Structure formats: structure tokens, C-alpha cells
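Open the model in your viewer and keep the sequence panel beside it. We'll go stop by stop, selecting a few things at a time.

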Amino acid sequence: MYPYYESDWSILPPEHNRRYSPGLTINNIKQVINETIETNILRKPAPTRLRELIRQIRGCRTAAEERAVVNTECAYIRSTFRETDCIWKCRNMAKLLYIHMLGYPAHFGQIECLKLAASAKYTDKRIGYLGAMLLLDERADVHVLLTNCLKNDLNSSTQFVVGTALCTLAAIASPEMARDLCNDVERLIVSSNAFLRKKAILCAFRFVRRVPELMEDYLPKCEVFLADKNHGILIATITLITEMCEQSVAVLRYFKSIIPTLVRMLKSLTVTGYSPEHLVSGVSDPFLQVKILRLLRVLGRGDPAQSEIMNDVLAQVATSTETSKNAGNAILYETVLTIMNVESENSLRVLAVNILGRFLLNNDKNIRFIGLLTLVKTVHKDMTAVQRHRITILECLSDADPSIQRCAMELSFTLINTQNIEMVVRELLRYLESTDAEMKALCSSKIVLAAETYSPSIHWHLDVLLKILTIAGNHIRDDVISSTIQLISNSPVHEQRFITGKMWQAITNMNQLENRQPLVQVAVWTIGEYAESGGFDEFELIEHYRQLLWAPQLSITTKQYILVSLAKISVRIDGCTPEIQNIIDSFRVHLNIDLQQRANEFSQLFTDHRHLRTSLLEKMPKLKLTELTTSEYNADFVSEESSDTEQQQEEPAPPAEPSNQDILLDLLGDCFTSDGNGNNTLAVVPAPHMGQSQPYYPTTSFNQNGSTTNNNGPGAAGPADILNILGLNAQTNALTIYQPSPPTNPSIPSMDIYQKDDIHIRFFIHPSGASISSGFDQSPAPSRITVQTTNGSHNTIEKFLFQAAVPKSFALTLREPSGSVMPPGGTVMQDLLIVRNTGAPGASGLRMKVRFSYEIENYSMMEQIDVNEFPSDFLR
């Protein structure tokens, strides 16, 4: 035997050399040498392990520290990717994938993923395919390079390599990949290996979603797979069938025949404990049950016959499923959705709503949220059943979770009706106090809309609107302000008195009005309109207005409301006009141009135009929202010609409410009213629409054939129209109408009817019969008045519109004016044709209401005057 200590061990044969090891191959020796060189000779730091990197990142206190750690590690990983013989590629790729999951860029590792996926070692291939699933997608051209590698691995003899390739293909397959590898996947679908068959079916699901025409290859195979006992294959098959049914109606009809099979399978899982090895929290395979319920929902939608087959099993699942665990709650949730989406019985719908009601009582916030969200989607299916859980839904408004509060608010608005609006709105107002600014705007608008629809009384409605303005503050939308003002203006007098007092208390007893400026705007508008009914102390009122106007926190819009309201108070309350005038005068030099302009205009009403202050600042008329249109002002005028035609076609019905014409008649005076039959005693004729300025063409004579050269546009009337309007014989042969030019004959009388603000309007009254010369036998000839309007200012007047009205005993026709724009010193001419109606008494003379409007320097002006001093022999 050799001695233990030998001077030279190399002379011993290998079988007697105790230092010789068979594991020391050439490759191992090279690896040891490389490690030694890297760690000892070159002194490179050892790569950080994934656990250490996670610990470092979690230990960072700021985002800057985290970015520094990530950037340092990414720089190191890039340097190792450039090396060809690095032995830490898998570890570095795992760290890069974790960095990618944190949201940092990791695109530089895409090519390295392809290299690892093409490796012969399974450990490299696994991490390479995982990186490809995370870093590659259909939009990246690099993923096409993976096709050949996937094809090779799908043909591998190792099932784990094939399974990994199938998982990657199911995650990132593009339409091109699907067409190239569909044959390989179809071959694996019929494999005897259940592990590969399950993954191949899921890969086919991806193919069908990307390339729908490939589904024909899988239809017959799916029916066979439904008879398999493996739950993984069943879940994959049902998922594939559901996707194909959702994409094609023909496939949906094809698979309706499997509904009895699905019903038996679900009943077996529920009752007999089918496959007890798949129990999850006491529930038999909840994953498979959920998939079956989803497929039944797709197959039974809109088909009462097929839904009838499902009713029994759906009721069985809904009543026998355990609700103490999340697995059971997931099955009940899918059962509810299936019941609500198929043509199920009413009793099943009530059962489904009751299940959702139990969800609302669950301690788990997620389950409560799911219950509310499902009720919001399905409340229209059975409103009565949901109303039974109204109290529970309203209690969710006080939940600590804002998502639950938001869903409960949406659901509460759908439940409002005339019976429960007071209780529901009371709870919603409590919710409005605690919610955030964004939800305050939405909730307040919806409460206003609900109150307008289901309000039990005006008093309650006004009180709710006042609470909304107080609670929501500056977060409400503009529609709430306009709705409140409109409701107040249309309320009875005692309700206006009530809300005026409430508004005054709200702005005097509350601090931080700068945070409730919509309330201030509505309050000052109300006080300005109805201050005489509030019983205010005028000195306290004026002093409070002074403080509001000079408060720097209030916006310019709010001060505009206050300034207008203050001007209106001067005609509502006696004894405070000097104080109001002083406050308004102080704003004549305000820095804001709008407030300065308002103050200067109002100041004129206290000095030069004090006689107009009462009429200009009178109460606003009660207008409905439907009457607030953007049409021209002359839309209030009604054509006598159209009215006569309508009266001939049908008998007039008793008017339910005053029309726009009646409103105009009220404005024109009490003497122009309606008779008992609803016929207006005022003939109102519209002026032509002046959408654009048109030149005035003189009207020429009609020839014997009735042709004419007059073509003044849409506003011009033909001979038949004129004769019909005037009630003349339509069989006349000739009609001549003169051009409305300034008469040069001094014998023609004239009347100055308006001369103010550099506007001069004069009437030239032509003798009777001067405007029309024709062979009228019995009908009286119309008289003509030429209206001359002159611009005496230094500015151009635009959109000039002249309107006139006469009593019903006369007929009035307004011809087209010569224009609508008057430069400085310019003139507009227009003819009025007037005739006394046949049979009307001749004792009363002509009276006329004149209204004209125009724009000058972007300001709109309108005036209305009475013209009663016509010549005594005119139209007698």
C-alpha cells in the first residue's frame, strides 16, 4: 500500500490517486477558470441576486433613490448582454423582467430573450420565453423572429418544452404567427397528452380571436372535448366555444345543441359533488362552474326556448351555493348575470335581485361594490324588486369607500319616483355634504333634474334648490343656477315671498360667501326682483350690498348680479335711491370694463333718463325654458295671412295657454286684447327677415299676363299674395306700387314720430289711392305710408329692423326696406300699406304701435313708441 504522504502524486495511476475526480471534465474546468479570472484576477463584482435587488428597491425612501438603483442595475445588465460568454444571463434577464414590471424601460432585452429562447438548455429557454411574453407584442417586428424557434419547440419530444412554447404562442401570437403555426397546434389538440391538449386548446382560443376564419377547424373537435373528464380540458374547451359564439351568429346557433350537456354538467357539479378532488373552499370546481354559466348566458340570450331549459339549474345553483366564501360568491355573481341576460322567469329575476341585496350586506367592500355595480346595470330589468332594497342602497351612500358611494349615488337616482323622492333626496343631500368637488357638481345637477321631474310641491322644490346652493357652493354647474331662477320666476307670489326671505337669511347669516357664489347670485337676483315683498330694512340691505360689492373674494360675475340687483331695488323699495346711486357711481371708475359700463349705464337712469328707470327695471316676465330660443325678435309676430289660412282650414280650438302673439299684445297695451273667441283684436304683420343686407329694387308694374320683374328675395310678395293680404279681388289686371323714396311734393303731409339718440324717424302719409291705381270695384284702395329712418350719429347702425302693429279693424303690410345698415347720415326707406277691413266700424281712427331695433358699436338697442296723431281724414 502506498504511503499517505507522497512526494509526487502525479506518478500514481488514476485509480489509485485519491485527488482525481471523474466530474472534473474539460467544460467544468473551463467554467472554474473563468469564474476565477472574473472574480479574482479582473476583480469584477459578482452580479446582484434578484432577491437582493428587490430588497434594495423596496428599501428606497424616495423615487429618486429608486431610479438611481434601477439605472445602475440596468447599466450593468446592458454590459453583460454585450458579452458572449457570460454565465449570468438568466439571472440578469430575471432582474430585467422585474424592472420592467415596475414600469421602467426594458426594451433593450428583447434580442437577449430571443437568444435565450433558442438555447438548448431548458432553464435558458424558460426564462427566454417568459421575457418574450412580457417584452414582445404584435406591434414589435422583433417577435416575428420567434416564429421559427416556436415551430422547432412545438415539435420537441419533451412535453415541458412544448408546453412552454404553447404558453408563449397563446400570449403573443399575431395573425401571421397563427396562420404559420395553426397546423402544429391542430396536431397537438388531438394529442393523447392531456397536459399538451389543454394548452393547445387555449392557443386555439388566441388564434380564433386574431384570425376568426380559423374557427371552422375547431368546431367538430370542441363537441368531442366536452365529454372529457379532465377539468382543465373542459375549462379550455368552454372558453374556446364562448369566444367562437361571441364572434359568429352561425356558430352560436351551431352550439345551441350543447345546452342540455352544459346543464347536466352544472347540475352534477352542484348536487352530486362531481370530481371532489377539485373542491375549493367547499365548492366543487368554481372555475368550471363560472365558465359554464358564462357560456349559458351567451347561448340563452334572446332565446326563450333555450332559456326555459336553464331555469331549473339556475335556480338550483342560486339556492344551494355556499355564500360564506369568495368562491361561492363568484358563482352567485355569474348566476345573477346569467339570469338577468337570458329570458328567465320573473321569480328567478326576483331571486337574482335578492342575491345582490345580500351582497350589499356583506362585510367585504369588493362584494358590496360588485353588488351595487350589477344592480346599476340590471335595474331596468325589474325595478320593483330593486325598490325593496332601497334602504340598503341608501345606507351605502355613507360608506367610507368612495367607489361604493359613487355606485350607490347612481343607483339611487334610478330609483326615484313620486312616492319616494323626498326620502331619497334627503339622503342624497347628506351625501352631497361629504363628497368631493367633482361629485358635488354631478350630484347637484342630478338632484335638480330629479326634483324638476318628481317634485311634490313648489315649496319643497324651492327648499331643495336652496339647500343644494348652500351645500355644493362653487362646485355646482351653471344649469343649477338657471333652473333655480326659472323656477322662482314662475312660482306663485307667496312662494316668491318665502324664497326671498330664505335667500336673504342665507347671505346674511353665513360666512365664507366667496365659496358659495352661485348662492349669492341667485339670492341677489331674487331680492332684486321681489324686494318689495320681503319686508327688508333698506339701510341694512344697502349696507350688506355695499360690503358684497367691495369684497375682493367675489368674482366679477357675482358683482354683475349684485349691481343689477341693486339698480332694481331702487324701484322696488322707496327711500334708498340716493344711497344706491352713490354706490353705483363709485363703480363708474372700476378697473373692470364690464362693471364700469354697467355702472355708467345705470347712472344715466338716475339722472338724464330717470323717467325710463321704472319701466326698464321692471320685473322680468315669466318665461318657460321652451320659449327661450335664439330666433330673431320678430318671431313673436304672427303673419295675418297665415292666420287667415289656418282659420279657413280648421276651426280654432280654445287656447290652453297664451301664445307668443298674446304675450306681444300684452306688451303693446291693454287696448289691444283678445276677444272671447280667442281672436286677437290686433293685426300683426311680420317684417321681412333681414338675414343679410339686400339692395332695394323698385317694384314695377305687372303686365296683362300677370308676369313681373319684381324679385326682392324671399320677403317679396307676388301680386296674388298682396291681394290676398289686403283682401282685394285677385282678378285685377294691373297693380302699380311706387318706390319708397323721399317725397318731393310739399303737399304730402309728414309726421316726426321719433327723434332721440341721433335716430330720426318720419312718416310720409300719401293720399288715399295714391299708391295703387287699378280698377277696383268694391274693395277700398290701400293707403301708403313711407317710413324714413335717418342715422344722425357718427357711427354705423347695423341690423336695423322696423316693426309695426295696428288694430284688427285695419290690415297692415310691411314692404321690404331699402336696407338694414345705415352709415353716418344714411337713410333707410320702407313702405307700409294700410287698408280698413270691410265691415269694420269707421268711427275709430288709426292707431299704431311701432317697435324698432338696431345694433351700434356692438350694443343692441330697441325702442317702442305709440303713434296716434294721424290726420283726421286718413283712412276714415
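**Stop 1: around helix α15**

Start by selecting G302: just after α15, this glycine takes a positive phi of about 75 degrees. Bear in mind as you click around that this is a predicted model.

Now step back and select the helix itself, residues 286-300. At 1.5 Å a residue, the 15 residues of α15 should span 21 Å, and the C-alpha atoms at its ends are 21 Å apart, which agrees. Try drawing that distance yourself.

Is α15 enclosed or out in the open? Show the surroundings: 12 of its 15 residues are buried, so the helix is largely enclosed by the rest of the structure. The buried set includes P286, Q289 and R297, and also L288, V290, I292 and L293. Towards the end of the helix, L295, L296, V298, L299 and G300 are buried as well.

Next, pick D285, in the loop between β2 (283-284) and α15. Its phi is near 45 degrees, a positive value in a residue other than glycine. Most residues other than glycine have a negative phi, which is what earns this one a click. D285 is also buried, with a relative accessible area of 4%; the cut-off for buried is under 20%.

**Stop 2: an open sheet**

Select β4, β5, β6, β9 and β8. These 5 strands form an open sheet, in the order β4-β5-β6-β9-β8, with antiparallel pairing. At the edges stand β4 (750-756) and β8 (810-814), each with a single partner strand, so one side of each is left without a neighbour in the sheet. Look along the sheet and you can follow its twist, which averages 20 degrees from one strand to the next.

Strands of a sheet pair through backbone hydrogen bonds, either parallel or antiparallel. For an example, zoom in on β5 (residues 759-765) and β6 (residues 783-791): 7 bridges join these antiparallel strands. Which residue stands opposite F764 in β6? Label T786 and you have it.

**Stop 3: β7 and β10**

Move on to strand β7, residues 797-807. This strand is mostly covered, with 9 of its 11 residues buried. Add β10 to the selection: β7 and β10 pair in the antiparallel sense over 7 bridges. To see one pair, label E798 and its bridge partner in β10, E855.

While you're in β7, click K799, which has its place in this strand. Buried or exposed? At 56% relative accessibility, K799 counts as exposed. Check its backbone too: phi is near 55 degrees, a positive value in a residue other than glycine.

Over in strand β10 (residues 848-856), find another lysine, K849. K849 is buried, with a relative accessible area of 10%. Show its side chain together with that of D866: a polar contact of 2.7 Å joins the two.

**Last stop: zoom out**

Finally, clear your selections and look at the whole protein. How many helices and strands does the protein have? There are 36 helices and 11 strands. Of the 876 residues, 45% are buried. Among contacts with a separation of 6 or more, 66% are between residues 24 or more positions apart. Switch on the surface to finish: the protein exposes about 44900 Å², and carbon and sulfur atoms supply 51% of it.

How values were computed. Residues are numbered from 1 along each chain as its sequence is written. This is a predicted model: local features need pLDDT of at least 70, side-chain atom pairs count only at pLDDT 80 or more; totals for chains, interfaces and linings use all residues. Side-chain values use heavy atoms; hydrogens and water are left out. Helices (H or I, at least four residues) and strands (E, at least two) are DSSP runs, numbered from the N terminus. The expected span of a helix is 1.5 Å times one less than its number of residues. Buried means under 20% relative accessible area, exposed over 50%, partly exposed in between (1.4 Å probe, protein chains only). Two strands pair if DSSP finds at least two bridges between them. Axes are lines fitted to C-alpha atoms, for helices over the stretch in contact, and angles run from 0 to 180 degrees between N-to-C directions. Contact means heavy atoms within 4.5 Å. Accessible areas come from the Shrake-Rupley method with a 1.4 Å probe; for residues, only the protein chains shown count as cover. A polar contact is a pair of N or O atoms within 3.5 Å; within protein, one must be able to donate a hydrogen and the other to accept it, and residues adjacent in sequence count only if both atoms are side-chain atoms.
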